[in-house]
Amino acid sequence: MQTIFEKSVPGRHCKGIGPKPSAKKAKDFLPADLLRAEKPKMPECSELDVVRHFTQLAGRNYSVDANFYPLGSCTMKYNARISEEVAALAGFNRAHPMQALLDNGKSSQGAMQCLYELERSLCAITGMKGFTLQPMAGANGEFTGVSVIAAYHRAKGRDRRIMLIPDAAHGTNPASAAMAGFTVVNIESRDGMVDPSAVKAAIDQYGDQVAGLMMTCPNTLGLMELHLKEIVALLHGIDALLYYDGANMNAILGKMRVGDAGFDVVHLNLHKTFGTPHGGGGPGAGPVGVCERLIPFLPSPRVGKAEDGSYYFLPEDELSIGHIGPFYGSFGVLLKALAYIWRLGGEGLERVAEYAVLNANYLRVQLKDVLDEPFDRLCMHEFVASAPHGMHALDIAKGLLERGMHAPTMYFPLLVHECLMPEPTETESKQTLDEFCELLREIIAHGKEDPAWLEEAPRGLPVSRLDETQAARQMKLTEDL
């Protein structure tokens, strides 16, 4: 398919109907040294050219609106349209972020109330005492959380540089810790869970250099951490902090409050757990919650509620790590999350966890005859499996794509050989799950009989099997692919 630039024809354009443009142009307000020497090279197309181009692109897009999307550790659930309607209300989508800053929120009380109520809701869900809504994505939330941990220890006069991270952690965990100035120490798993003896050994080795431990619970193997109480005691015994990676929160909504379990910091992926759009590089939101003693370190602005019911910006504490993102975070995404939480309520959120875990275990049991499962026991919202002996996860994934269904996450976590990790989420029906299982069985059976057939998949799609290393290093987006 051609790019919009390749469809450009010199002199072709379209005109909209609207108010007469101002006599002054944007360039009239900019310093001369910031102006371009020549006009940008933009495509010249008619309105029909543009509409057809992007309509065709949309038809090629794989989305959760049209298809099953069982990406493990990504929680690709359906995004309810009522949340989109809420975020599109004129009072929200036409508000300028500077408006609230200019008059301390007096003319933005509705928007500020939403920020306040979302923070209160997230505190109730997690057991934390305060949240910053600024982080713009999960990884941004991780960086914010570990920066708060670093600031806490600095305020205590400590130079703690060690962050403990399990070997099954999301890859962004060690990256975020390193960006915040920590040295990462790997903690090996045992039976698919964080090993308390490995944590103790690290504490014995590094002593008062240990700043904290980053955990995902349930972990990326889809298993609940059964030694959490012991691990919390070990870390808190040296005044180190526990960080909760909230990517897998979907499994425990209404069932477990991570603050009650002993975690000190948590980030939440609103674009996973709370039904806001996910993928394509954004928009995202990764609010960070903390226990009582860490509230002074949170970024600002945060919203408070006065005795008369009005809302105002809380003053920034001198211990705050400062701004982590612009203004108040991804405001539209935050609105969608609040709409999702209020629409479901406490009982509804609890059902999310119940159905997510039920669906994952249904898939796990249904596929035991065709996939190898290294941890043959009750899973949470997702589970890991290995491709059958002699087969590759990549080939199975390509076979699913050829048949019109997205593949599960593959080759993660690295602890599992030829790993496939499905996560069906709570929004999928039994009929969809049965269709996925039947299709997977057919592909594996055909692939065993004729390996060359599966190795050539996918056929009939815009792009066939690629040399993935070359595609990543020498990306080509035009028709001469």
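Reader: How many aromatic pairs does a search of the whole structure find?

Author: The search finds nine aromatic pairs. Bear in mind that this is a predicted model, in which local features need pLDDT of at least 70 and side-chain atom pairs count only at pLDDT 80 or more, while totals for chains, interfaces and linings use all residues. Residues are numbered from 1 along each chain as its sequence is written, and side-chain values use heavy atoms, with hydrogens and water left out.

Reader: What makes Phe68 and Phe436 an edge-to-face pair?

Author: Rings of Phe, Tyr and Trp (its six-membered ring) pair if their centres lie within 6.5 Å; planes under 30 degrees apart count as stacked, over 60 as edge-to-face and the rest as tilted. The centres of Phe68 and Phe436 are 5.4 Å apart and their planes 80 degrees apart, so the pair meets the distance limit and the edge-to-face one.

Reader: Why can we say that this pair ties parts together?

Author: Phe68 sits in the loop between helix H1 (47-60) and helix H2 (81-87), and Phe436 belongs to helix H12 (residues 430-449), so the pair links parts that are 368 residues apart in sequence. The helices (H or I, at least four residues) and strands (E, at least two) are DSSP runs, numbered from the N terminus.

Reader: How do you know whether Phe436 is buried or exposed?

Author: Buried means under 20% relative accessible area, exposed over 50%, and partly exposed in between (1.4 Å probe, protein chains only). Phe436 has 0%, so Phe436 is buried. Phe68, at 6%, is buried too.

Reader: What makes Phe274 and Tyr340 an edge-to-face pair?

Author: Their centres are 6.3 Å apart and their planes 80 degrees apart, so both limits are met here as well. Phe274 lies in the loop between strand E8 (265-268) and strand E9 (288-290) and Tyr340 in helix H10 (residues 331-366), so this pair joins parts 66 residues apart in sequence. Phe274 is buried at 0%, and Tyr340 is buried at 9%.

Reader: Which residues touch the most other members of the largest nonpolar core?

Author: Among its 63 residues they are Leu164, Leu235, Val258, Leu270 and Phe274. H10 gives the most to this core, with twelve residues. A nonpolar core is a set of buried Ala, Val, Leu, Ile, Met, Phe, Trp, Tyr and Cys residues joined through side-chain atoms within 4.5 Å. Phe274 is of a listed type and buried at 0%, so the burial condition is met. In soluble globular proteins, nonpolar side chains tend to be buried together.

Reader: Why is Phe331 called buried?

Author: Its relative accessible area is 18%, which falls under 20%, so the label applies. Phe331 lies in helix H10. Leaving aside neighbours within four places in sequence, Phe331 is in contact (heavy atoms within 4.5 Å) with Phe92, Ala111 and Leu115. Phe331 and Ala111 are 220 residues apart in sequence and 8.9 Å apart in space, C-alpha to C-alpha.

Reader: How do you know whether Asp191 is exposed or buried?

Author: Asp191 has 54% relative accessibility, which is over 50%, so Asp191 counts as exposed. Asp191 lies in the loop between strand E4 (189-190) and strand E5 (193-194), and its phi is near 55 degrees, a positive value in a residue other than glycine. Thr425 also has a positive phi, about 65 degrees, although it is not a glycine. Thr425, however, is buried at 0%, in the loop between strand E14 (419-421) and H12.
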